[in-house]
Amino acid sequence: RSAVSETWSHIEQFGLARLGGERAITIDEATYGPNHPEVATDVRNLGLVLQDLGEFGEARAAFERALSIDEAFHGPNHPDVARDLNNLGLALRNLGQFRQARLACERAITIDEATYGPNHPEVATDVRNLGLVLQDLGEFGEARPVFERALSIDEAFHGPNHPDVARDLNNLGLALRN
C-alpha cells in the first residue's frame, strides 16, 4: 500500500469512529437522558476522535459538555471531572488558548492529587500536559520542574525503561534546550 492510501485509510477509520461515537451518543441519550455519565463517556470519546481529526473547536465543545455532565453528576472533585479537564486543556492548547489550558490542567492536577495521591501515573499525565502548556506560554523555567516531576513519578511507578519515561525525558530535553 502506498502512503497516500494508508493516509486515506486512517481518515476513513476516524470518520467511521466519529459516526460510531455520534450514534452511541444518540442511543445513550435516548436510553439514559442527555445528562447521564454514560453520555458523558460517549461525548468524551467523540471529543478524542474529533481532536484526532484536527477539529479542535468541536473537540473543545465535546469536552466541555462531558465536563458539565460529570460535574453535575459526580461533583467538582471526581476523577472523571479531572479527565475531562485534562482533555479540555489539550483541546484549548491546540486552539492556542494557553492560559485557559493552563487553568484546566492545574485543576485536573489538584483533583487527581486529592484522589490518587501526589505520585500516581494519572497525576504524571496531568503534570506532563501542564508542562506542554507552560512551554507554549514560553515559561520554560516553570516547565522544567514540571517535566522533572512527571519523570520522577513515571520512573518510580513504571521503572526506567517505560515509554512514558521516554516521553518525559524527551519533554524535559526540549525544556532544557529552551
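**Exercise 1. Locate Arg102 and describe its surroundings in this model.**

Solution. Arg102 lies in helix 5, which covers residues 98–116, where helices are DSSP runs of H or I with at least four residues, strands are runs of E with at least two, and both are numbered from the N terminus. The model is a predicted one, in which local features need pLDDT of at least 70 and side-chain atom pairs count only at pLDDT 80 or more, while totals for chains, interfaces and linings use all residues. Residues are numbered from 1 along each chain as its sequence is written, and side-chain values use heavy atoms, with hydrogens and water left out.

The next step is burial: Arg102 counts as buried because its relative accessibility is 19%, the cut-offs being under 20% for buried, over 50% for exposed and partly exposed in between (1.4 Å probe, protein chains only). Its side chain makes a polar contact of 2.8 Å with the side chain of Glu106; such a contact is a pair of N or O atoms within 3.5 Å, of which, within protein, one must be able to donate a hydrogen and the other to accept it, and residues adjacent in sequence count only if both atoms are side-chain atoms. Leaving aside residues up to four places away in sequence, Arg102 touches Leu130, Val133, Leu134, Leu137, Glu139 and Glu142, contact meaning heavy atoms within 4.5 Å.

**Exercise 2. Check the length of helix 5 and find what its buried residues pack against.**

Solution. The expected span is 1.5 Å times one less than the number of residues. For the 19 residues of helix 5 this gives 27 Å, and the end C-alpha atoms are 26 Å apart, which agrees. The buried residues of helix 5 are Ala101, Arg102, Ala104, Cys105, Ala108, Ile109, Ile111 and Asp112. An α-helix has 3.6 residues a turn, so residues three or four places apart point the same way. The buried residues of helix 5 pack against helix 4, helix 6 (121–136) and helix 7 (140–158). After helix 5 comes Gly117, with a positive phi near 95°.

**Exercise 3. Carry out the corresponding analysis for helix 3.**

Solution. Helix 3 (residues 56–74) has 19 residues and should span 27 Å, in agreement with the 26 Å between its end C-alpha atoms. Buried in helix 3 are Ala59, Ala62, Phe63, Ala66, Leu67, Ile69 and Asp70, and the buried residues of this helix pack against helix 2 (37–52) and helix 4 (79–94). Just after helix 3, Gly75 adopts a positive phi of about 100°.
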